Amino acid sequence: MRRYAVFGSPIAHSLSPRIHTAFARQTGIALEYLAIEATRDTFPAILAASGVAGANITLPLKEVAFAHCRSVSARARRAGAVNTLTRTDAGWHGDNTDGAGLVRDLTERHGVDLRERRVLLLGAGGAARGVAPALLDAGIDALYVVNRNSARADALADALGDPARVHARGWDALPTLGEFDLLVNATSAGQTGTPLPPLPMALAAPRSVAVDLAYGRAAVPFTAWARAAGCAQALDGLGMLVEQAAESFQCWHGVRPDTDPVYADVRRLTDTQPVSD
Ligand code: ATR
């Protein structure tokens, strides 16, 4: 039986084994899918010893995995990070399905039309880098990258290479930016326990959609703010998690699974605030 795994740290509570096992059952593909703990230092040796045909990569390994690849897809190169590895005769091939997963969750599951939208991206780390190119490719009108450390926002904006649509700002500029159609929290504030600096209510309008790339408890502060600010939808990252997994599954097995029943299963399983549509 072919073996696959998700690598990261901490990894014990990863939902990826449950998601991929459900996809495999649904599509009749025989596979084993494990969660393997690895740090930046131990990852190359643990990956080599694991015998996997493919891997998902999560925090804090997406950049290390990128550097470990023999070849990478165009979207992984733009993100500078990989979340999907496929073993080839020449070595590891890296891809990044995070952005496609977010866009698919927003457009297909939640009915969000991204074309010509004004988008706020909070954060400029790996998570922000992973989703920004896909948002631009989906036809948004403007992307404001806002980060506590404004030099990192500048660096991400430069890397995206689309000065007509991408604007970098520091956190202190938030009160001057007006309303956004889509607000994306790609900071790790919810995971680290350090709260986000206050967000002005004026960023949101009744038509706005807010999405936190995290799920579970980590997504609660931002989604609670979004509801209080009057957003039409306040979403967490669970749908994106399932969709990026489906995209990885398709890369490995050439079959696209039906994500709806699997999303319903993991939604039931997590103790998140319910998605408010
Ligand atoms: P990830 O891969 O999850 O994006 P990262 O590369 O360490 O992790 O980036 C974390 C992001 O969350 C950064 O944009 C960080 O802002 P700084 O670059 O200014 O450090 C942001 N972040 C983390 N904690 C935050 C907080 N409490 N408030 C605002 N931004 C925060």
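The exercises below, each with a worked solution, concern the protein chain and its ligand.

The model is a predicted one, in which local features need pLDDT of at least 70 and side-chain atom pairs count only at pLDDT 80 or more, while totals for chains, interfaces and linings use all residues. Residues are numbered from 1 along each chain as its sequence is written, and side-chain values use heavy atoms, with hydrogens and water left out.

**Exercise 1. Describe the overall build of the protein chain.**

Step one is to list the secondary structure: the chain holds eleven helices and twelve strands, taken as DSSP runs numbered from the N terminus (helices are H or I with at least four residues, strands are E with at least two).

Step two turns to overall dimensions. A compact globule of 277 residues would have a radius of gyration near 19 Å, and the value of 18 Å for the protein chain agrees with this; the radius is taken over C-alpha atoms, and the globule rule is 2.2 Å times the number of residues to the power 0.38.

Step three asks about burial: of the 277 residues, 53% are buried, where buried means under 20% relative accessible area, judged with a 1.4 Å probe and protein chains only.

**Exercise 2. Work out how the ligand is surrounded.**

Begin with the shell of 19 residues, of which Ala 124, Asn 147, Arg 148, Asn 149 and Arg 152 come nearest; a residue counts as near if one of its heavy atoms lies within 4 Å.

Next, examine the polar atoms that face oxygen atoms of the ligand. An N or O atom in the side chain of Asn 147 lies 2.7 Å from a ligand oxygen, a polar side-chain atom of Arg 148 lies 2.9 Å from one, and for a backbone N or O atom of Ala 127 the distance is 3.0 Å. On its own the ligand has 640 Å² of accessible area, and the protein covers 82% of it, as computed by the Shrake-Rupley method with a 1.4 Å probe.

**Exercise 3. Place Ser 73 in its surroundings.**

First, locate the residue: Ser 73 sits in the loop between strand S4 (71–72) and helix H4 (74–79).

Second, is Ser 73 buried or exposed? With a relative accessible area of 15%, Ser 73 is buried.

Third, list its neighbours. Leaving aside residues up to four places away in sequence, Ser 73 touches His 93, Gly 94, Asp 95 and Asn 96, contact meaning heavy atoms within 4.5 Å. With Asp 95, the side chain of Ser 73 makes a side-chain to side-chain polar contact at 2.7 Å. A polar contact is a pair of N or O atoms within 3.5 Å; within protein, one must be able to donate a hydrogen and the other to accept it, and residues adjacent in sequence count only if both atoms are side-chain atoms.

Definitions and conventions. Buried < 20%, exposed > 50% of the residue type's maximum accessible area, 1.4 Å probe, protein only.
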